[in-house]
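Grab a coffee and open the viewer. Below are a few exercises, each with a worked solution that you can follow on screen.

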Amino acid sequence: MISHKPKKGHLLIAEPSTIGDLSFNRSVLLLADHNSEGSIGFILNKPLGYTIQDLIPEIKGNFKIYNGGPVEQDNLYFIHNIPELIPGSIEISNGIYWGGDFESTKELINKGMIRKNNIRFFLGYTGWDAQQLEDELEDNSWIVTENSYANKIIGKSSTSFWKEKIMELGGDYLIWSNAPENPSLN
């Protein structure tokens, strides 16, 4: 369902007009926080070319790392759906949690107690100052939708996620679902 008011836990789908924007072209973001002071989100469908073990060798796991956004790309963030295992987690919504005790998380991964459909790691995040996201919505940069996947979105999203979401919107968006990422290749 399309909404015009962003809320924690909603998805932001980049409008096709963001072509050329290196960070957000064909992005789907999970809005992790939204209030009068600003907003924070994580890009769900932009995997990077390495795993958690490439960044932190003592973690024995091959969880992909995703580009969370252009802010603080030297910091690692994570969302998950297992707050009962990771103390200190903050609920985003619908059973999706942000962060928590990283030492416990490393230990649980090494013991095989966390699976790929439980956790998603990001380098960086996407951030907006107060009123900035609303301004971008007025400029038609984003489509706001509810997260119909709830906490299963962690295992769901992939590089084709933007196309899937655009096709779900239907109407005039259908033509964009098959357009090349770079229009000059058309």
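## Exercise 1: Salt bridges

Let's start with one residue: E107 is partly exposed, at 46% relative accessibility (buried means under 20% relative accessible area, exposed over 50%, partly exposed in between, with a 1.4 Å probe and protein chains only). Before going on, note that this is a predicted model, where local features need pLDDT of at least 70 and side-chain atom pairs count only at pLDDT 80 or more, while totals for chains, interfaces and linings use all residues. Residues are numbered from 1 along each chain as its sequence is written, and side-chain values use heavy atoms, with hydrogens and water left out.

**Task.** Find the residue that meets E107 in a salt bridge, then work through other salt bridges of the chain.

**Solution.**

Step 1. Recall the chemistry: side chains of opposite charge can pair when their charged atoms come close. The cut-off here is a side-chain nitrogen of Lys or Arg within 4 Å of a carboxyl oxygen of Asp or Glu. That rule gives four salt bridges.

Step 2. Look from E107 to K111: their side chains meet at 3.1 Å, N to O. K111 is exposed, with a relative accessible area of 56%.

Step 3. Go to E58 and K106, whose salt bridge has an N to O distance of 3.3 Å. E58 sits in the loop between α1 (52-55) and β6 (64-67) and K106 in helix α2 (residues 102-110), so this pair ties together parts 48 residues apart in sequence. (Helices, H or I of at least four residues, and strands, E of at least two, are DSSP runs numbered from the N terminus.) E58 is partly exposed at 45%, whereas K106 is buried at 13%.

Step 4. Add E103, and you have a network of salt bridges linking E58, E103 and K106.

## Exercise 2: Reading helix α5

**Task.** Work out which residues of α5 are buried and where they sit around the helix.

**Solution.**

Step 1. List the buried residues of α5: F161, W162, K165 and I166.

Step 2. Look down the axis of α5. These residues fall within an arc of 130 degrees, so they line one face of the helix (the arc is taken over the directions from the helix axis to the C-beta atoms).

Step 3. Check the lysine. K165 has a relative accessible area of just 4%, and its salt bridge goes to E168, with the closest N and O atoms 2.9 Å apart. E168 is exposed, at 52%. Both residues lie in α5 (residues 161-169), three residues apart, or about one turn of the helix.

Step 4. Step off the end: just after α5, G170 has a positive phi of about 65 degrees.

## Exercise 3: What is inside?

**Task.** Locate the largest nonpolar core and say which strand gives the most to it.

**Solution.**

Step 1. Apply the rule: a nonpolar core is a set of buried Ala, Val, Leu, Ile, Met, Phe, Trp, Tyr and Cys residues joined through side-chain atoms within 4.5 Å.

Step 2. The largest such core has 33 residues, and L12, F42, L44, I79, W142 and I153 have the most contacts inside it. Strand β3 (residues 28-35) gives the most, five residues.

Step 3. There's also a second, separate core of 14 residues, with I65, F78, F121 and L123 among them.

Step 4. Turn to W142 in strand β11 (residues 142-145). W142 and V144 point one way and I143 and T145 the other, yet all are buried.

## Exercise 4: Strand pairing

**Task.** Trace the partners of β11 and β6, noting the direction of each pairing.

**Solution.**

Step 1. Two strands pair if DSSP finds at least two bridges between them. Strand β2 (residues 11-14) runs antiparallel to β11, joined by four bridges. L11 stands opposite T145.

Step 2. Strand β5 (residues 47-51) and β6 are antiparallel, with two bridges. P47 has Y66 as its bridge partner in β6.

Step 3. β6 and strand β10 (residues 119-129) pair in the parallel sense over three bridges. Y66 turns up again here, with F122 as its bridge partner in β10.
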